[in-house]
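Please open the model in your viewer with the sequence panel beside it. The stops below are meant to be selected in turn, each with a short account of what is found there.

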Amino acid sequence: MTLIGNNMQQAADLLSKGMLVAVPTETVYGLAANALDAPAVLQIFEVKQRPAFDPLIVHIKSINELNLYAAEVSPWITDLAEAFWPGPLTLVLPKKALIPDIVTSGLSTVGLRMPSHPLTLELLHNLPFPLAAPSANPFGYISPTTAQHVFDQLNGKIPYILDGGPCQVGVESTIVGMEGDELLVYRLGGLSLEDLAKVAPRVRLALSASSNPAAPGMLHSHYAPRKPLFVGNIIDLMRHHLGKRIAVISFQEDFSGEKGVVASEILSRQGDIREAASVLFAAMRRLDAGDADVILAAQFPESGLGRAINDRLCRASYV
Ligand code: TXA
Ligand code: MG
């Protein structure tokens with residue numbers, strides 16, 4: 001039986017004993033273990049049924065800790081950390097030997113992030129080790145943005161879920177690495193390209209599929225509901241799926257009265273892309289649990305967090 005609560009001491013005790021605890025972050029809930037304890041980290045892969053080639057992000061409590069776990073930290077990287085940490089940015093850097101190979105799937109680099117959720121930062125301050133944590137969902141499914149989402153899928157498999165309320169950002173961190181004087185973006189996420197470009201003059205997209213060894217976890221079919229999901233113009237898609245029970249995900253527009261529509265999720269009536277990102281995964285889960293045959297999703301504006309939303313919808317639609 002898995003307990004949900006906000007008992008920091010209990011979470012810290014379990015983690016110190018090498019057990020797993022789900023923790024809130026501003027992006028999504030993470031499934032955490034002591035990052036320096038290989039047997040503890042192994043359990044993450046078992047519980048998530050995650051392939052061993054998909055590396056984990058290591059969560060740290062301060063910018064100073066960069067130098068503890070990364071072998072090389074250029075002034076550039078420090079600038080990025082100072083601009084955006086704590087926050088939804090993961091920095092991929094050459095790793096120190098202290099980080100076990102299982103965490104990084106044998107890569108010579110490690111993904112480091114200082115999350116901005118107050119509970120998890122406090123937890124990190126109470127622990128003498130950093131936390132390895134992937135999103136707290138079974139491999140390939142939609143990431144959890146509430147404690148209940150974690151419970152729905154991992155009940156009985158982990159002892160404790162630290163409840164920090166719904167995640168404010170709602171999509172996973174933006175993952176970047178350096179190549180020469182260029183900043184490569186491996187995964188779009190909660191920090192927009194526009195914000196990154198304010199600090200990093202040369203930003204290049206290096207979004208990966210399964211074939212890119214730089215970020216082996218970025219498989220096409222990911223973040224996926226069980227129902228088939230299609231992305232595009234909703235009116236066109238509805239025509240194409242005539243006769244089916246249809247669920248719709250839209251930005252501002254209301255399609256609930258349209259023929260065949262049995263469920264609909266409007267992500268932000270005010271047209272606020274941040275609000276839309278924060279509720280996207282919860283909306284996908286609700287529709288996936290409902291009785292529609294298909295989920296039709298609108299294309300979001302390709303700017304700000306709209307890029308990350310489109311990326312997740314596109315990966316969810318891949319068959
Ligand atoms: O917002 C987030 O990033 C959340 C919260 C919990 O922090 N975590 C998360 O972790 O989304 P996960 O495991 O679902 O995705 C981590 C991804 C991997 O799939 C991989 O693509 C990339 O991070 N990654 C991790 N370490 C890497 C490395 N050394 N080199 C390249 N990519 C790496
Ligand atoms: Mg994940």
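**A walk through the chain**

Begin by selecting Pro86, which sits in the loop that links helix H4 (75-84) with strand S5; helices here are DSSP runs of H or I with at least four residues, strands are runs of E with at least two, and both are numbered from the N terminus. The peptide bond that leads from Trp85 into Pro86 is cis, with omega near -10°. Most residues other than glycine have a negative phi, and most peptide bonds are trans.

Before going further, note that this is a predicted model, in which local features need pLDDT of at least 70 and side-chain atom pairs count only at pLDDT 80 or more, whereas totals for chains, interfaces and linings use all residues. Residues are numbered from 1 along each chain as its sequence is written, chains are lettered from A and ligands numbered from 1 in the order in which they are written, and side-chain values use heavy atoms, with hydrogens and water left out.

**The whole chain**

Zoom out to the full protein chain, which has 11 helices and 15 strands. Along the principal axes, its C-alpha atoms fill a box of roughly 60 × 50 × 35 Å. The radius of gyration of the protein chain is 19 Å, which agrees with the value near 20 Å for a compact globule of 319 residues; the radius is taken over C-alpha atoms, and the globule rule is 2.2 Å times the number of residues to the power 0.38. Of the 319 residues, 58% are buried, where buried means under 20% relative accessible area, exposed over 50% and partly exposed in between, with a 1.4 Å probe and protein chains only. Contacts (heavy atoms within 4.5 Å) with a separation of 6 or more are made, in 66% of cases, by residues 24 or more positions apart.

**The sheet**

Now select the strands of the open sheet, in which 11 strands follow the order S1-S8-S2-S3-S7-S4-S6-S5-S9-S10-S11 with mixed pairing. Its edge strands are S1 (3-5) and S11 (203-205), each of which pairs on one side only; two strands pair if DSSP finds at least two bridges between them.

Within this sheet, highlight S5 (residues 89-94): five of its six residues are buried, so the strand is largely enclosed by the rest of the structure. S5 pairs in the parallel sense with S9 (residues 174-179) over four bridges, and Leu91 has Val176 in S9 as its bridge partner. S5 is also joined by four bridges to S6 (residues 109-113), and these two strands run antiparallel, with Leu93 standing opposite Val110 in S6.

Move next to S3 (residues 30-34), which pairs with S7 in the antiparallel sense over two bridges; Ala33 and the residue opposite, Ala132 in S7, are worth displaying together.

**A buried residue in S9**

Which strand holds Thr174? Thr174 lies in S9 and is buried, with a relative accessible area of 1%. Show its surroundings: beyond its neighbours within four places in sequence, Thr174 is in contact with residues including Pro88, Leu89, Thr90, Val185 and Arg187. Leu188, 14 residues away in sequence, is 4.9 Å from Thr174, C-alpha to C-alpha.

**Helix H6**

Select H6 (residues 118-125), where Leu119, Thr120, Leu121, Leu123 and Leu124 are buried. The buried residues of H6 pack against helix H1 (8-16) and against four strands, S2 (21-23), S4, S7 (131-132) and S8 (160-162).

**Two positive phi angles**

Gln49, in the loop between helix H2 (38-48) and S4 (57-59), has a phi near 55°, a positive value in a residue other than glycine. Is Gln49 buried or exposed? With a relative accessible area of 66%, Gln49 is exposed. Ser105, found in the loop between helix H5 (101-104) and S6, likewise is not a glycine and has a positive phi of about 55°, but Ser105 counts as partly exposed at 22% relative accessibility.

**The start of the chain**

Finish at Met1, placed in the segment before S1 and counted as exposed at 74% relative accessibility. Leaving aside its neighbours within four places in sequence, Met1 is in contact with Phe151, Asn155, Gly156, Ile158 and Pro159. The C-alpha atoms of Met1 and Leu154 are separated by 9.6 Å, although these residues are 153 residues apart along the chain.
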